[in-house]
Amino acid sequence: MTPHTTILVHPGETLAENLEFLKISQKDLAIRTDLSEKHISQIINGSASISPETALRFERVLGIKASFWNNLEKNYQECLARIEQEKLIDAEEQHLNQFPCYNELVSLGFVRKTRVKRERVLALLDFFKVQSLSLVPLSTGVNYRETGKKSTEQNIFCLAAWIRCGQITAERTPVKEFDEKKLRVNLSKFRELTKEPNFEDKLKELCAEIGIVTVLMPKFGKTKINGATFWFRDNPIVQLNEKGKRKDIIWFTFFHELGHILKHGKKDLFIEFEKSLDEREKEADEFAENTLIPKADYESWAKDINFEELSMRGIAQEVTSFAKKVDIGVAVVAGRLAHTGDLHWSKVNGLREHISF
């Protein structure tokens with residue numbers, strides 16, 4: 001239905017047809033229903049509606065059920081509202097250029113493939129469950145956040161779309177009741193997974209047993225984040241992407257999000273991005289660092305080694321040996337070396353396994 005093709009028929013037209021068939025004048029109907037001639041005229045002319053009370057009066061006088069008149073009025077008003085809604089949808093096309101990630105949503109199966117602007121608007125409105133696309137950032141909780149990125153680098157609408165994908169996935173994912181105690185007990189099991197080449201399914205299974213929904217979602221263009229944490233009903237959601245495509249980044253981000261779950265409130269949406277000034281982000285960073293590799297262990301190992309003098313093979317041997325000692329994945333140790341500045345990234349990239357999903 002479009003506003004250009006829909007023909008509205010006001011209930012007053014049906015009333016006029018019935019009066020003509022029954023040979024009853026407007027004046028006579030007004031007398032019999034104890035309504036003013038003006039009001040009857042307004043109904044017939046389409047400037048007044050038929051109320052439930054008026055419908056009952058018409059039933060008594062005309063012998064036509066009140067439900068008939070009520071349904072006529074209800075359908076007319078709904079049709080009128082839909083036409084107005086269609087006009088608003090036409091105006092929504094101006095927002096489409098804010099969603100360069102539409103094709104990414106198509107590839108993930110969240111919206112239908114189409115080049116028709118109107119159809120894209122409808123698909124996005126259904127996807128976000130909003131009245132207007134201008135409400136998207138606010139509806140997903142990203143509107144109030146300072147991302148630390150220039151607008152040309154961080155598209156807040158694409159960020160909101162990525163978060164919305166996580167929300168929908170969470171809605172579809174069966175999960176047990178969240179158990180914070182069980183999460184703390186199983187931190188060591190999560191650390192063990194850092195040593196496995198293909199950990200994704202085991203990570204999701206372990207999280208589900210604890211009551212956490214883990215969403216592994218490809219990175220969207222125009223977004224500069226690694227992950228996010230939010231709550232759906234009473235369960236925390238950890239959403240990760242493959243930004244950087246390195247195993248150490250994935251694991252650091254995952255433990256960072258666990259830090260938010262254990263240390264911070266349920267109402268907030270936490271988005272992991274570079275150079276955040278939020279104190280809670282720093283707390284989550286510290287939690288991730290010390291849970292993956294305790295600071296004392298790392299410093300005790302690294303302080304007596306001159307890594308710059310080691311060959312690539314020597315670096316690999318030292319990193320592998322230490323990773324085994326602290327029971328953590330080699331990529332995690334390699335990432336820590338580069339992050340702390342003890343070695344340049346180029347010296348450890350061979351140890352930082354690639355990953356994508």
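The crossing of helices α13 and α14 is right-handed, meaning that the near helix is turned clockwise from the far one by less than a right angle. This is a predicted model, in which local features need pLDDT of at least 70 and side-chain atom pairs count only at pLDDT 80 or more, while totals for chains, interfaces and linings use all residues. Residues are numbered from 1 along each chain as its sequence is written, and side-chain values use heavy atoms, with hydrogens and water left out.

**Helix pair α13 and α14**

- The axes of α13 (residues 247-263) and α14 (residues 279-292) come within 8 Å and cross at roughly 120°, so the two helices are oblique to each other (neither under 35 degrees, nor over 145, nor 65 to 115).
- Residues of α13 including Trp251, Phe252, Phe255 and Leu258 belong to the contact with α14, where Ala284, Phe287, Ala288 and Leu292 are among the residues met (contact means heavy atoms within 4.5 Å).
- The residues of this contact between α13 and α14 divide into 9 nonpolar, 4 polar and 6 charged.

**His10 and its surroundings**

- His10 lies in the segment before α1 (11-22), and His10 is buried, with a relative accessible area of 7% (buried means under 20%, with a 1.4 Å probe and protein chains only).
- The side chain of His10 reaches the backbone nitrogen of Gly12 at 2.8 Å, and the side chain of His10 also reaches the backbone oxygen of Ile43 at 3.4 Å.
- Leaving aside neighbours within four places in sequence, His10 is in contact with Ile43, Gly46, Ala48 and Tyr76.

Technical notes
Axes fitted to C-alpha atoms, helices over the stretch in contact; angles between N-to-C directions. Helix = DSSP H or I, 4+ residues; strand = E, 2+ residues; numbered from the N terminus. Nonpolar A, V, L, I, M, F, W, Y, C, P; charged D, E, K, R; others polar. Buried < 20%, exposed > 50% of the residue type's maximum accessible area, 1.4 Å probe, protein only. Polar contact = N/O pair within 3.5 Å; in protein donor to acceptor, adjacent residues only side chain to side chain.
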